[in-house]
Amino acid sequence: MKREKQIKESKDMIKNALFRLLEVKDLKEITMSEIAEEAGLVRMTLYRHFKEKEQIILYCFETYLQQVLIEIGNQKDPSVNDILRFRFKVLKESPYTNLLMKCNQLDKLSQRIGKKFSDNFRDIMPSIDDIYLKDFIGGGIDAITIRWVEGGMEESYVVMADKVTKILQLLSD
């Protein structure tokens with residue numbers, strides 16, 4: 001338990017250091033050595049937790065996602081559309097989405113958010129028991145998500161959820 005607390009504290013120090021540096025520099029200009037120095041850690045500690053600075057941002061997003069997933073967990077019997085709305089809302093409101101796009105991490109972002117939401121889909125759509133169809137649907141949702149983020153997230157999260165829901169309805173017919 002104490003070790004887990006130390007790990008979390010180190011990761012938070014690293015995260016905070018990166019965001020302090022981002023106030024004055026672009027991500028591409030920041031080195032891992034600078035992050036370690038700003039965090040007051042040796043580089044070995046930094047590399048023990050993160051191999052590259054993009055992983056720090058993914059960690060930030062995952063931490064943010066864990067906090068907001070509690071919200072959907074509190075909903076009774078969410079529909080597929082509810083889950084999709086939540087997925088797109090999280091991405092639109094996350095302070096990390098655009099940063100991850102700038103460092104070409106959207107595929108990893110989409111995979112991570114997809115894994116978090118896939119359990120909800122399994123519970124709601126048990127009739128889809130074909131593993132290939134599930135992979136097809138997941139990949140399609142990821143592709144739509146990436147395109148939406150790259151396009152500047154201009155459509156609202158409600159519109160995006162409705163579009164994907166409509167596609168899923170077509171597949172189930």
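**Looking into the second largest pocket**

Tutor: This is a predicted model, and α6 supplies three residues to the lining of the second largest pocket, the largest share.

Student: What makes a residue part of the lining of the second largest pocket?

Tutor: A lining residue has an atom within 4 Å of a pocket point. L22, D26, L27, K28, K53, E54, S94, P95, N98, L99, K102 and C103 line this pocket, so each of them meets that cut-off. Two elements, α4 (53-73) and α6 (97-102), give two or more residues to that lining. The space inside comes to about 190 Å³.

Student: Which classes do the lining residues of this pocket fall into?

Tutor: Five are nonpolar, two are polar and five are charged. Leu, Pro and Cys count as nonpolar, so L22, L27, P95, L99 and C103 go in that group. Asp, Glu and Lys count as charged, so D26, K28, K53, E54 and K102 go there. S94 and N98 are polar, because the polar class takes the others.

Student: How do you know which kinds of elements the protein has?

Tutor: Helices and strands are DSSP runs, and the protein has nine helices and zero strands, so every letter in its order of elements is an α. From the N terminus on, that order reads α-α-α-α-α-α-α-α-α.

Student: What share of the protein's residues is buried, and why are they called that?

Tutor: Buried residues make up 39% of the 173 residues. They are called buried because their relative accessible area is under 20%.

Student: And how much accessible surface does the protein have?

Tutor: About 10500 Å², with 51% belonging to carbon and sulfur atoms.

How values were computed:
Residues numbered from 1 in each chain as written. Predicted model: local features only at pLDDT ≥ 70, side-chain atom pairs only at ≥ 80, totals over all residues. Heavy atoms only, no water. 1 Å grid on protein atoms, 1.4 Å probe; cavity = no way out; pocket = protein on both sides within 12 Å on 5 of 7 lines; lining within 4 Å. Points joined across faces, edges and corners; volume = space filled by probe spheres on them. Helix = DSSP H or I, 4+ residues; strand = E, 2+ residues; numbered from the N terminus. Buried < 20%, exposed > 50% of the residue type's maximum accessible area, 1.4 Å probe, protein only. Areas by Shrake-Rupley, 256 points an atom, 1.4 Å probe, with all protein chains shown as cover.
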